[in-house]
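Me: I'd like to understand the words people use when they talk about a structure. Could you take me through a few of them?

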Number of protein chains: 4
Amino acid sequence: MSSDTEIYKKQNFGNTIGMGKKPALLIVDFVNGFNDENAFGGGNIPQAIKITQSLLEFARNQKLPIAHTRVVFADDGSDLNLMYKKVPSLKTLTENSKESQIVPELTPNNGEIIVRKRVPSAFFGTDLAPQLTLLGVDTIMITGCTTSGCVRASALDAMCWGFIPIVITDGCGDRAIGPHEANLFDLGQKYVDLMTASEAMEKIRNK
Amino acid sequence: MSSDTEIYKKQNFGNTIGMGKKPALLIVDFVNGFNDENAFGGGNIPQAIKITQSLLEFARNQKLPIAHTRVVFADDGSDLNLMYKKVPSLKTLTENSKESQIVPELTPNNGEIIVRKRVPSAFFGTDLAPQLTLLGVDTIMITGCTTSGCVRASALDAMCWGFIPIVITDGCGDRAIGPHEANLFDLGQKYVDLMTASEAMEKIRNK
Amino acid sequence: MSSDTEIYKKQNFGNTIGMGKKPALLIVDFVNGFNDENAFGGGNIPQAIKITQSLLEFARNQKLPIAHTRVVFADDGSDLNLMYKKVPSLKTLTENSKESQIVPELTPNNGEIIVRKRVPSAFFGTDLAPQLTLLGVDTIMITGCTTSGCVRASALDAMCWGFIPIVITDGCGDRAIGPHEANLFDLGQKYVDLMTASEAMEKIRNK
Amino acid sequence: MSSDTEIYKKQNFGNTIGMGKKPALLIVDFVNGFNDENAFGGGNIPQAIKITQSLLEFARNQKLPIAHTRVVFADDGSDLNLMYKKVPSLKTLTENSKESQIVPELTPNNGEIIVRKRVPSAFFGTDLAPQLTLLGVDTIMITGCTTSGCVRASALDAMCWGFIPIVITDGCGDRAIGPHEANLFDLGQKYVDLMTASEAMEKIRNK
């Protein structure tokens, strides 16, 4: 991708926004079904969950606002949509199915926001943006899966909604590495700042 | 990407939605600045404009609803946003700047919708979705640039808003080919049907 | 209000839109708590539920798309918002509380959409608009409570989202009659067509 | 309305939210056409403009973020919508028509946000919410017209988007006094804090 990078540089893409004053942590779709290669998982998702575990602990210690997302369709299928037509097995993700529960390592605490959604972005058809505005959040650190799907869509919408988006590169995973990397490239060039979990924690500690 | 494709197949991604009953044509950001390698253009964008020209003619003959998008920031910079921080030269795209005008080959006719936007998606912060709902549209064929930016974001949002999204592969272009292809892969696996302009016209003619 | 009406007439407000081709029925917040004078109910809400019962039966016979709304806050209060600050007792409306269950006369059938919301409009922070677009709906008949609250907000947003809004005057109720009437006036002058349930059924039968 | 007020009191409506830390001023639709009794104006709109003038001056001195709205339809009518069907003369409000220009007393300064919209709410189909989030705003003081139309819709959406909404009672006007008062009642009971311009300025000065 070296020649790809060149034109982005020439056209002055890829500038840095910087960490804001009040960051939140958004963990996208780390549910059992996306941590299972036989459902929607695979690739580097397990490692990303591990990294997210330590970032979640850090966020709790720092009293940062925390939000988790799950994909949840109605038991009777009354809200199945076009994404379901592309990926029919998504309909197994219902309120009480094992697949749609957040992985045990990242079980939400009381008071943490849980967003139920039916499309990639955590912000679409949900009240996540108002909740975070109400909390005075100006920056959203994003981990989760998949990088090429719900993470990208959520990071893009975070930017659109006026929150500084920081994608935690090692806290995001995907079923396949090609799309993982291609999407981090797009995100970093055009929409978000990319940081590792350590870099983000360092920046917050030093504020 | 052969091993990438394998896991998507195994997990039953990439199904087809099919053409609806009332398609519209959405042309994303084919403005002078994105057709100029020294601004935001390059790659296969010129060819995609050519293909779009014939699809636009077809859509006009068929009396399909047509919408065009432009990126337009205020002259005084009062609405500059986070995307501008990643890509500062976007601020040159103002109402009357040459760079923000739709390319001459695709000049909108009277009665065609023109959407002014400041983020990637044609649907974000605009009333495009209501306008198309009002017109009874159920399907949106999308061409434009860049595939890895505003086309992808608009196609994803089209799906989220309940419109069958069809991305016209040869009617979309990007400043670099790697991201163009990576994004067509993501889109086709998860969110949209991919067709060439000829295939789409064929399907509409045969309804 | 006779002089009020005069200036609206002079300025040519209050025109009629007409019934579209594919109507849906939206029933707003007819839950136990809003049918209880000691919670959020009172006024003419019980009569409006009765009228809605017959309209719901009609809609089921006609196979019209049907959606119900409930106000639902998280058990742990993690999503309490500004409306809660104005009306603190709303926090009793949780997933399993008796007050937030749809009244027995209007229990949803399988396949009918159930929208959980935390603000007045059925469309805000929900995917109701996309669901109805996906079903090809062009018109929304609205009943529910309260007229001056969630009905008005939902009717206005229906219009904004490009759906012809028809407010069923005798299918809407409010805890107090002054606001009920004042809001029907505003709605009819500016945003929606007003019909009784009988008039709406007649129009649909005669299509 | 004394008996109406009673039930709201009994059900514990009408609590106060309070002024936040970073207020903005939103001036809704004070354009020539809405200050002309022969177009869309009348009633107490002229007085409300006068009050808004002093609040605008105050906001500028205090360096508060300021946003103005206008209703603007395309010259070719390509974006006429359902509100236009209820109120056809709205189509005269185009980019350069005299009627759609902000009244001279309130001419925006460079750097103040100008929102073009086609429905009542300043937030619907616009990027006002993200712009204010980006500026760190947590409170929106709202003046404008009409109280029963675009002010109410904008104030409600401000609340929905997570901004503390303060409606400036003497800075809002309507073509008829009945709806003006009925809507201030609804707003104060359910969605916003009501203050006069003097009260709001006092609160900000004393922070």
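Reply: Happy to! Two strands pair if DSSP finds at least two bridges between them, and strands are DSSP runs of E with at least two residues, while helices are runs of H or I with at least four, numbered from the N terminus. This is a predicted model, where local features need pLDDT of at least 70, side-chain atom pairs count only at pLDDT 80 or more, and totals for chains, interfaces and linings use all residues. Residues are numbered from 1 along each chain as its sequence is written, and chains are lettered from A and ligands numbered from 1 in the order in which they are written.

Me: What makes β2(D) and β3(D) a pair?

Reply: β2(D) and strand β3 (residues 113–117) of chain D share 5 bridges in the parallel sense; at least two are needed, so they pair. In β3(D), D:Ile114 is the bridge partner of D:His68.

Me: What makes β1(D) and β2(D) a pair?

Reply: Strand β1 (residues 23–28) of chain D joins β2(D) over 3 bridges, again in the parallel sense. D:Leu25 has D:Ile66 of β2(D) as its bridge partner.

Me: Why is strand β2 of chain D called largely enclosed?

Reply: A residue is buried if 20 or more other C-beta atoms, placed from the backbone, lie within 10 Å of its own (exposed: 12 or fewer; partly exposed: in between). In β2 (residues 66–71), 6 of the 6 residues are buried, so the strand is largely enclosed by the rest of the structure.

Me: How do you know that both faces of β2(D) are covered?

Reply: D:Ile66, D:His68 and D:Arg70 on one side are buried, and so are D:Ala67, D:Thr69 and D:Val71 on the other.
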